[in-house]
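The following exercises concern strand pairing and ligand surroundings. Each task is followed by a solution in steps.

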Amino acid sequence: MTILLSDPRVAAVPVRECGEPLVTLDASFGPARARVRSGLALRLLTARQLLPAGVGLRVVEGHRTLRDQEAIIASYSAQVRAAHPDADETEVRRLTSRFVAPVEVAPHVAGAAVDLTLVDVSTDGSGTPLDLGTAIDETPEQSQGRCSTDAPGIGPDARRHRDLMADALGTAGLVNYPTEWWHWSYGDRYWALLTGADAALYGPVERRTAVAA
Ligand SMILES: C[C@@H](N)C(=O)N[C@H](C)C(=O)O
């Protein structure tokens, strides 16, 4: 059964901030040059080595500001209210959290999450995106549920690529948000809950100074 980020068990996980800096991923992870905690960056390097030759990781987003998180919540919760006019505010919050995390537990705001896909780097160094079944950031409504990692109704190539991604990232220590095939995290509260860690390693970054890496 999927645990959503709005589940009270996620917010109940304590955070023991370890103070790791944000680092900037190099261009081999894609032009976004996302910033993530250094421990997550190391695990992404490990995950990439576990992929078959010719397949790479493209990270489209890492750390996100609190303000950006709030803007995505405002935009998507308005869509949820419109699509579910009978839902009360508790249900709107639950449905919204299928696609965007409540601010208090938001993994991207902690520098603990990446949105990423797989690319074919065998013919073109910059990488051609592989079929993962939906575009990154297609909502449950837009994708008719196919954004969920285990969704039926995606083609065999997309299934194989999602499984490849899960093997590499899972082995490297990341956890997936099951309603979004592209969202993986390490060290945040959701990760701690799923792995049984005593506490999250990373809380919100906000004004922490980034360093180059
Ligand atoms: C909005 C989407 N790209 C995303 O980042 N969702 C996760 C669950 C989040 O908000 O942390």
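**Exercise 1.** In this predicted model, determine how strand β3 (residues 55–61) pairs with β4 and over how many bridges.

*Solution.* The two strands, β3 and β4, are antiparallel and are joined by six bridges. Within β4, L118 is the residue that stands opposite L57.

**Exercise 2.** Identify the strands to which β4 is joined by three bridges and by two bridges.

*Solution.* Step 1: β7 runs antiparallel to β4, with three bridges between them; W184 in β7 stands opposite V114. Step 2: strand β5 (residues 128–129) is also antiparallel to β4 and shares two bridges with it. Here T128 in β5 stands opposite D120.

**Exercise 3.** Explain why strand β4 (residues 113–120) is described as largely enclosed by the rest of the structure.

*Solution.* A residue is buried if its relative accessible area is under 20%. Seven of the eight residues of β4 are buried, so the strand is largely enclosed by the rest of the structure.

**Exercise 4.** Describe the polar contacts and the shell of the ligand.

*Solution.* Step 1: a ligand nitrogen lies 2.8 Å from a polar backbone atom of F99, and a nitrogen atom of the ligand is 2.6 Å from a polar side-chain atom of D137. A ligand oxygen is 3.1 Å from an N or O atom in the H108 side chain. Step 2: the ligand taken alone exposes 320 Å², of which the protein buries 99%. Step 3: the ligand is surrounded by 15 residues; by class, eight are nonpolar, three polar and four charged. Strand β7 provides the largest share of this shell, three residues.

Methods
Residues numbered from 1 in each chain as written. Predicted model: local features only at pLDDT ≥ 70, side-chain atom pairs only at ≥ 80, totals over all residues. Heavy atoms only, no water. Near = heavy atom within 4 Å. Polar contact = N/O pair within 3.5 Å; in protein donor to acceptor, adjacent residues only side chain to side chain. Areas by Shrake-Rupley, 256 points an atom, 1.4 Å probe, with all protein chains shown as cover. Helix = DSSP H or I, 4+ residues; strand = E, 2+ residues; numbered from the N terminus. Nonpolar A, V, L, I, M, F, W, Y, C, P; charged D, E, K, R; others polar. Buried < 20%, exposed > 50% of the residue type's maximum accessible area, 1.4 Å probe, protein only. Pairing = 2+ DSSP bridges.
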